[in-house]
Amino acid sequence: MNGVWLVALPLLGAFVLPMIYRRHTIVGYWTGPVILIINLAIAMGLWQRVSADGTHSIAMGGFPAPVGITFYVDKLALLFAIMVILGTLILWLGKKMGEVREETLLLLIVAGGCGLALSGDLFNIYVFYEIVAVASYGLAASRGTGAGYAASIRFLILSALGSSMLLLGIALIYAMTGTLNLSHLAYLAPQMLNNSVGLVAFALMLIGLGVKAELFPVNTWVPEVYATAPARISALLGGIVSKLALLVVLRLLVLIYADTSAPLLLLSLGILGVITGELAALRSSDLRQVLAYSSIGQLGLVAIAFAIPGPAGIIAGIALALHHALVKPALFMLTEAWGGQLNRLVGAAQVSMLSTLLFIVLALSLVGIPPLPGFLAKFLLLKGALAVENGWYHTAIAVVLIATVIETAYFIRIMRLMFQSKTQQTADAPLMRDLKPALSLVVLLLISVLTVSPISQSLSAIAEEAADKEVYINKTLPSDWHHLEKVEW
Amino acid sequence: MNLREISSLVFIVWLGLLLGAVLKIVAYDNILTGGVGTYILTHAAPELGAENIVTSVLLAYRGLDTLGELTVLFVAITAAGLVLGQRRTDAPSDSDAGFILRTAANLLFPFLIILGTYILLQGHFSPGGVFQGGAILAAAFFVPILASPASPLHHRVSRLVEGLVVATFMIICLLALFSDDAFLALLLGKGSVSQLFSAYSLPLLHIVIGFQIGTAFAGILARLQETEASD
């Protein structure tokens, strides 16, 4: 199967969904999940093909790179595509019937997310980023409360500013090199982009992508939106969509900015994100906000990992990202009933033991208690950072350890509340409908505990492949593309 | 001032310095004569048979971006529908614009449709193109609404048309995937430059996209106009 289907199928589904819903509500309700399952199968098939034959690129419209737009299919891209598809599918479990617009937007987020993962062209990445961004504004406001609208409009303003920064960065790069194709840029970068203007372009793109990736200075929308949006949407945005923006940053770092000080910029934003996120989570008294701030901290960890040069950083980053994509959506699903002030959780263990157990497992994994997979992810990060001969990376280690202590403190505090005796304000037990996604995610988490050694092997294979810039260039640029260079540069 | 305000201020100052530095460093008079742009300038007309180079970039070389932009429009209108919700049937609407404007708007409608379609059809070999033609089509649908707000656009119909039109575009692209093994590849023959039936499937894509842009813009404008009236 062609990798284009990963994007084309959910797009087509989104366009025809309103029509199907008008005829048959039941058929419409099942259209989305069926499309996602087919997509998952396609992604698995492509994974097998990449494992057997190595990576390949797809030229859109038959115009080869660097003139046309290309998709680059490697395991890293497929892994993130699978994460988006599977994550959305799990969050579909127990969904209410007849929310045609929400379902359309969810399919579009999947299409945009797969596009972001696969695309090998800067402007094309921008277009997919916009699709995901605009769909998120709508979904963030879909609860329909006044506070939700206010949060969503602030999110929209910040995100629109971020998008223009991203576009400005891309324009700068195009002005300097005359090309947008990532493989072509990777080839040209050592002579044309490893200078101060190139770094400025990276900083602009980082700020733009950082809005979705919840990076330090542009993440003010996070607590507000996650406190007001429906739990499924917070789960999707915080758990899954945010990682895609970081994937684009990683591609830029590996292909274009590997030998510059750009990783240090990402590292410092990551460190600041971890500190501010965890401290704010400690002070917060609303469960949704605690989770939102903790998600800022966790994404800061992923940013720190991606800033570590070489495959070690990519391994740690993917492990942290995947772990967070399993744990945080599950935690958000519990807030549908438990959201609001923390003292509503007093005595929650007496009301619903199952949800309390889920919460404990998830929180312990997030903190990084062995043998839960969160430990492995953090361990990989520390190991990677320790191997770099640079003081900043060693500072990052100290910060990560302090952040872990803070994380432990606030999760233990919440758990203590849960085991006190029940009061008047104690929240009701979460509905089974909302627990279904959380349970499936926890099952996946526990499966990953049992299969930890094959997972870490395939992680290092993915990272080796993704860190190889030469392969990317050779597989994407055709051998006769040099005729472009006959024109005077 | 609290910490949040201070940090925003620091961020804005940093951003200003950054942009200032960029303006100082980048020499805008020294535009690159090379790269992909130059290649397209010299190769677009002979390769594709489309005289309008902008069109050949929009629909052929970077067709996927255009499909993505169309999707952004579709997403925007779906999200707007989700946020703005359904109009109450008893909501008051703006008063009528009067006999002269109403008649003029109705008279204008067919001419705007013809002009829009003409610009779409000619887009591959003369000035004009998808976005221009689409904007004119949107005006054709929106002017009557402005003139008589009480008879609003049929949203269901417009959303159906929109979905169908984009799906058609996708199907044209996917047909190419089956016949030529490349998504968005061009179908049909090249023809000769400056003919109506030339430049592969570009004219076909033109019409489809133009109508999509037209209905999408008209739909968004109509929806916003309705909410304004219902307050």
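A residue counts as buried here if 20 or more other C-beta atoms lie within 10 Å of its own. Keep that cut-off in your pocket, because Glu214(A) clears it with 29 other C-beta atoms within 10 Å and is therefore buried. Bear in mind as we go that this is a predicted model.

Let's stay with Glu214(A) for a moment. You'll find it in the loop between helix 8 and helix 9 (221-228) of chain A. Its backbone is worth a look too: phi sits near 55°, a positive value in a residue that isn't glycine. As a rule, most residues other than glycine have a negative phi, and most peptide bonds are trans. Chain A also has a cis peptide bond, joining Pro370(A) and Pro371(A), with omega about 5°. Pro371(A) belongs to the loop between helix 15 (353-367) and helix 16 (373-386) of chain A.

Now zoom out to chain A as a whole. It has 20 helices and two strands. Its radius of gyration is 22 Å, close to the 23 Å that the globule rule gives for 489 residues, so chain A is as compact as a globular protein of that length. Along the principal axes, its C-alpha atoms fill a box of roughly 80 × 60 × 45 Å. Of the 489 residues, 61% are buried. If you take the contacts in chain A with a separation of 6 or more, 81% are between residues 24 or more positions apart.

What about the inside? The largest nonpolar core holds 244 residues, and Ala81(A), Leu246(A) and Val249(A) are the ones that touch the most other members. Helix 13 (residues 311-338) of chain A brings the largest share of this core, 19 residues. Pick Val249(A) and look around: leaving out residues up to four places away in sequence, it touches Leu206(A), Leu209(A), Ala213(A), Leu266(A) and Phe306(A).

Next, a helix pair. Helix 5 and helix 6 of chain A pack at an angle of about 180°, their axes 10 Å apart. That makes helix 5 of chain A roughly antiparallel to helix 6 of chain A. By class, the contact between these two helices has 14 nonpolar, three polar and one charged residues. On the helix 5 side you'll see Tyr126(A), Tyr129(A) and Glu130(A) among them, and the helix 6 residues they meet include Phe155(A), Leu156(A) and Ser159(A).

Helix 5 turns up again where the chains meet. The contact takes 49 residues from chain A and 48 residues from chain B. On the chain A side, helix 1 (5-23), helix 4 (100-118), helix 5 (122-140), helix 6 (146-177) and helix 8 (196-213) each supply at least two residues. Which of the helices of chain A gives the most to that side? Helix 5 does, with 10 residues. The residues on the chain A side that touch chain B divide into 33 nonpolar, 12 polar and four charged.

Finally, step over into chain B and find Gly134(B), in helix 6 (residues 130-147) of that chain. Is Gly134(B) buried or exposed? It is buried, because 26 other C-beta atoms lie within 10 Å and the cut-off is 20 or more. Not counting residues up to four places away in sequence, Gly134(B) touches Ile209(B), Gly210(B), Ile213(B) and Gly214(B). The C-alpha atoms of Gly134(B) and Phe217(B) are separated by 8.4 Å, though the two residues are 83 residues apart along the chain.

Technical notes: Residues are numbered from 1 along each chain as its sequence is written. Chains are lettered from A and ligands numbered from 1 in the order in which they are written. This is a predicted model: local features need pLDDT of at least 70, side-chain atom pairs count only at pLDDT 80 or more; totals for chains, interfaces and linings use all residues. Two residues are in contact if their C-beta atoms, placed from the backbone, lie within 7 Å. Helices (H or I, at least four residues) and strands (E, at least two) are DSSP runs, numbered from the N terminus. Ala, Val, Leu, Ile, Met, Phe, Trp, Tyr, Cys and Pro count as nonpolar, Asp, Glu, Lys and Arg as charged, and the others, Gly among them, as polar. A nonpolar core is a set of buried Ala, Val, Leu, Ile, Met, Phe, Trp, Tyr and Cys residues joined through C-beta atoms within 7 Å. A residue is buried if 20 or more other C-beta atoms lie within 10 Å of its own, exposed if 12 or fewer, and partly exposed in between; C-beta atoms are placed from the backbone. The radius of gyration is taken over C-alpha atoms; the globule rule is 2.2 Å times the number of residues to the power 0.38. Axes are lines fitted to C-alpha atoms, for helices over the stretch in contact, and angles run from 0 to 180 degrees between N-to-C directions. Angles under 35 degrees count as roughly parallel, over 145 as roughly antiparallel, 65 to 115 as roughly perpendicular and the rest as oblique.
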